[in-house]
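Thank you all for coming; please have the sequence and the model open while I talk, since I will go through a few local features one after another.

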Amino acid sequence: MKIKGIIFDMDGIITDSETAAKRIMQEILKKHQLPYSDEIYLPLLGINHYQAIEYFNSLTKNEQLSHNLLSEFSEEIITELQQGMIPFKKGAIELINALNSINFPIALATSAEKRKVQASFNGNGIDVPFTHVITGDMVTHSKPNPQIFLLAAQEIKQNIQDCLVIEDSYNGIRAALNAQAIACMVPDILEPTEEMKKQVIIKNDLFEVKKMLEELAIL
């Protein structure tokens, strides 16, 4: 396995935001007297704002309500990020700093919007540690479409087949596989499926990813 670039997802990989996001969405749906279940929530993982609106349109049949739900959700999660209420995941900054220290090609590819990226890092007291950042509003197709990872590989001037993509969501892993990248799942609120266990690298946290890169003599 030859890895020449690494592409990171953000929510659930770098920031420990998925549990907070789930709680916030549950509160917002309850406020609007709408039902909540994991079956309703989990399809939102890994998709961008526009696809999320389409998803809620299919549930509510009310476009304005769908916009309101997503707007409220975005404001709540960004407020918590800005206030430093959502920490980094175990090993995230250690891995990113180690890669930056040797100028290894890395990119952030997230379905989130740009201001959420800023809030995620600034709220924890640091600047965004990525030169190359691809956000959900920069692509026309959301995960599991591979577009965001193909664009990230282009940004760091590497072939996608030589890039390790680190993801936690099913949509993200499927996008990585669709891109023909080397896919690595670090589970957060979703456990890998039996199918994924056969196709992707599974690590418990980013310290384990860092150890793997050390064993490959990348770090």
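What follows is a short walk through some strands, a buried aromatic residue and a few backbone features.

Let me say at the outset that this is a predicted model, and everything I describe should be heard with that in mind.

I would like to begin with strand E2, residues 106-109, which is covered on both faces: Ile106 and Leu108 are buried on one side, and Ala107 and Ala109 are buried on the other. Strand E1, residues 5-8, runs parallel to E2 and is joined to it by three bridges, with Phe8 standing opposite Leu108. E2 also pairs with strand E3, residues 133-134, again in the parallel sense and over two bridges, and here Ala109 has Ile134 as its bridge partner. To get from E2 to E3, the chain passes through helix H6, residues 114-122, and the resulting β-α-β crossover is right-handed.

Now, staying in this region, which residues does Phe130 touch, if we leave aside its neighbours within four places in sequence? Phe130 itself is found in the loop between H6 and E3, and its contacts include Ile106, Ala107 and Leu108, which belong to the E2 segment I have just described. Phe8, Ile14, Ile96 and Phe121 are in contact with Phe130 as well. With a relative accessibility of 7%, Phe130 counts as buried, because the cut-off for that word is under 20%. For a sense of distance, the C-alpha atom of Phe130 is separated by 16 Å from that of Gly91, and the two residues are 39 apart along the chain.

Let me turn to the backbone, where some background helps: most residues other than glycine have a negative phi, and most peptide bonds are trans.

Where, then, are the residues with a positive phi that I would point out? Lys61, in the loop between helix H3 (49-60) and helix H4 (63-82), has a phi near 55°, and Lys61 is exposed, with a relative accessible area of 69%. Lys157, in the loop between helix H7 and strand E4 (163-167), has a positive phi of about 60° although it is not a glycine, and Lys157 is likewise exposed, at a relative accessible area of 72%.

The last item concerns a peptide bond: the one from Lys143 to Pro144 is cis, with omega near 20°, and Pro144 lies in the loop that runs between E3 and helix H7, residues 147-155.

Technical notes
Residues numbered from 1 in each chain as written. Predicted model: local features only at pLDDT ≥ 70, side-chain atom pairs only at ≥ 80, totals over all residues. Heavy atoms only, no water. Buried < 20%, exposed > 50% of the residue type's maximum accessible area, 1.4 Å probe, protein only. Helix = DSSP H or I, 4+ residues; strand = E, 2+ residues; numbered from the N terminus. Pairing = 2+ DSSP bridges. Right-handed = clockwise from strand over helix to strand, strands pointing away. Contact = heavy atoms within 4.5 Å.
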